[in-house]
Amino acid sequence: MSATASPQYDLVIVGGGPGGLSAAVYAQRAALRTVLVEKGLPGGQVVMSDEVENYPGFEHISGADLSLKFLQHAQAYDLEIRQQEVTEVEPGLNVHRVHLGDGQVLETHAVILATGGNPRKLGVPGEAEYYGKGVSYCAVCDGFFFRGKTVAVVGGGDTATEEALYLAKLTRKVYLVHRRGELRASKILQKRVLGECKIEVLWHSVLTEITAGDGGVRGVALQDVRTGARRDLAVDGAFIFIGFEPNNQLVPAGVRRNADGYVVTDFKCETNINGVFAIGDLREKYARQIVIAAADGSTAALAAAHYVESKKSVPDVCEAPAGLLSGSAV
Ligand code: NAP
C-alpha cells in the first residue's frame, strides 16, 4: 500500500465563531494537528448579541461573554490561531491547500469552513449611503446612539423582534415594519413584542427609501403592499434585520450549494469534496442557532478526525518486534 505524504496540518478551520471554536475543541481533543484561521477577532457574529438566552447551560449570557468562553475553552487545549485572511481554499486529491493573505499556504488533510454569513441588505435608496449615519444592522452596536429617539426596525423574524425589544429599552419609540400580517419570529418573541408599548408594528409594509439630512437619517418611506399607498415616517434611525446571506466566497468551485448559496453537506457536515466540511451559518439547514453551529463544529471535527486517520500513512511492512522474528519470544 502506498503511503500518503503527510501535510503540515491535519485540519485547518477557517473562521472563529462558535462553530469554528467548537470544532477546534473537538479537534484538539482528538489530537489533530489543527490551526484555526480568523481574519478578525475570534467570536463570530454572536459577539454582537446583547443577550443570549437559549444556549443550554446559560439562562442569560451576553454574546461577548459566551464568545470569550468558547475562545478560552479552545485555548485551554493550546489551539494554534492565526489572525490572517484566507484568500483561497484549494481542494486537492490527497492534500488541500489554504492560501493566506500574507502569501503562506497551509497544507492539510481536512478543512472545516466556518465562515458564517452577513446581514441581508434591502437594496433601497439611502441604505448604503447612510450606513453608519442612522442605518444599522446591529442594535447592540449602535442602539446607544438612539437613546430617547425614534427608530424603524425592518423584519419580522427572531432577529428583528429581539433587536426591536432591545431598542425599545433605549429609544422613545420603535416602529417594527413587516411586510406581512404575521410575524415569523418565535411565539415567545412575538408575545414580548406585541406586549411592548413602545413598539408599534406596521403590518403589510415595506421600506422603500431612507432619507437623511446633515445630522443623519431623518425618515423612511413605506409602502403598503396591499394598496400600494405610500407613507413617510419621521425616524432618526433605520435598523434592518431581514435575514442573512452565507459568506460563501471561499467555498471552492466544485462544492455543491443550494439556490440561496448555502453549502450542502451530508450528516457529517462533509461537502461533496472529501475532507472539506462546512458548518454553522454557511451550511444549509433548518435553523441558524449558536447551539447548532457548535454542534456542527463537533460533528465536523469528529468526522474530520476519522477522515484524517484514513489518510495517514500506513507503513508498507509492519515491523514486528525482533524477538518475535527470531522466534525467541513466547
Ligand atoms: P429570518 O428568520 O429569515 O427572518 C427574516 C425576516 O425578514 C422575515 O420576517 C422576512 O419576512 C423579512 N424579510 C426578508 N426579506 C425581506 C425584504 N426584502 N423586505 C422586507 N422584509 C424582508 O431571519 P432572522 O430573523 O435573521 O433569523 C435567522 C435565523 O436565526 C432564524 O433561524 C432564527 O430563528 C435564528 N435566530 C434565533 C434567535 C434566537 O433564538 N435568540 C435570534 C436571532 C436569530 P417574511 O416573514 O415575510 O419572510
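**Ligand shell, helix α5 and a few odd residues**

Mentor: In this predicted model, an N or O atom in the side chain of Arg 180 sits 2.7 Å from an oxygen atom of the ligand.

Trainee: What makes that pair at Arg 180 a polar contact?

Mentor: Set the distance against the cut-off: a polar contact needs N or O atoms within 3.5 Å. The Arg 180 pair is at 2.7 Å, so it qualifies. Two others pass as well: a polar side-chain atom of Glu 162 is 2.6 Å from a nitrogen atom of the ligand, and a backbone N or O atom of Gly 156 is 3.0 Å from one of the ligand's oxygen atoms.

Trainee: How much of the ligand does the protein bury?

Mentor: The protein buries 77% of the 910 Å² that the ligand exposes when taken alone.

Trainee: How many residues surround the ligand, and which are the closest?

Mentor: There are 17, and the closest are Asp 158, Thr 159, Glu 162, Arg 180 and Arg 184. Sorted by class, that shell has eight polar, six charged and three nonpolar residues.

Trainee: Over to helix α5. Which of its residues are buried?

Mentor: Leu 189, Gln 190 and Val 193, in a helix that runs over residues 187–194.

Trainee: How do you know that the buried residues of α5 line one face?

Mentor: Look down the helix axis: the buried residues fall within an arc of 105°, so they share one face of α5. What they pack against is α4 (158–170), β10 (173–177) and β11 (199–202). On the face turned away from them you find the exposed residues Lys 187, Ile 188 and Lys 191.

Trainee: Why is Lys 191 called exposed?

Mentor: Exposed means over 50% relative accessible area. Lys 191 has 67%, so it counts as exposed. Its C-alpha is 10.0 Å from that of Thr 161, 30 residues apart along the chain.

Trainee: And why is His 96 called buried?

Mentor: The limit for buried is under 20%, and His 96 has a relative accessibility of 1%, so buried is the right word. This residue is in strand β5 (residues 96–100).

Trainee: What does the side chain of His 96 reach?

Mentor: It reaches the backbone oxygen of Asn 274 at 2.9 Å. A polar atom of that His 96 side chain also lies 3.0 Å from the backbone nitrogen of Gly 92.

Trainee: Ser 22 next. Is it buried or exposed, and what makes it so?

Mentor: Buried, because its relative accessible area is 8%, against a limit of under 20%. Ser 22 is in helix α1 (residues 18–29). Leaving out residues up to four places away in sequence, Ser 22 touches Phe 70, Ala 294 and Gly 297.

Trainee: What makes the phi of Asp 78 stand out?

Mentor: Most residues other than glycine have a negative phi. Asp 78 is not a glycine, yet its phi is positive, about 55°. Asp 78 is in the loop between α2 (63–75) and β3 (80–82), and it is exposed because its relative accessible area is 67%, over the 50% limit.

Trainee: Where is His 204 found, and what is its phi?

Mentor: His 204 is in the loop between β11 and β12 (205–213). Its phi is also positive, about 50°, although His 204 is not a glycine.

Trainee: Why is His 204 called partly exposed?

Mentor: Buried is under 20% and exposed is over 50%. His 204 has 22%, so it falls in between and counts as partly exposed.

Key
Residues are numbered from 1 along each chain as its sequence is written. This is a predicted model: local features need pLDDT of at least 70, side-chain atom pairs count only at pLDDT 80 or more; totals for chains, interfaces and linings use all residues. Side-chain values use heavy atoms; hydrogens and water are left out. Helices (H or I, at least four residues) and strands (E, at least two) are DSSP runs, numbered from the N terminus. Buried means under 20% relative accessible area, exposed over 50%, partly exposed in between (1.4 Å probe, protein chains only). A residue is near a molecule or strand if one of its heavy atoms lies within 4 Å of it. A polar contact is a pair of N or O atoms within 3.5 Å; within protein, one must be able to donate a hydrogen and the other to accept it, and residues adjacent in sequence count only if both atoms are side-chain atoms. Accessible areas come from the Shrake-Rupley method with a 1.4 Å probe; for residues, only the protein chains shown count as cover. Ala, Val, Leu, Ile, Met, Phe, Trp, Tyr, Cys and Pro count as nonpolar, Asp, Glu, Lys and Arg as charged, and the others, Gly among them, as polar. The arc is that of the directions from the helix axis to the C-beta atoms. Contact means heavy atoms within 4.5 Å.
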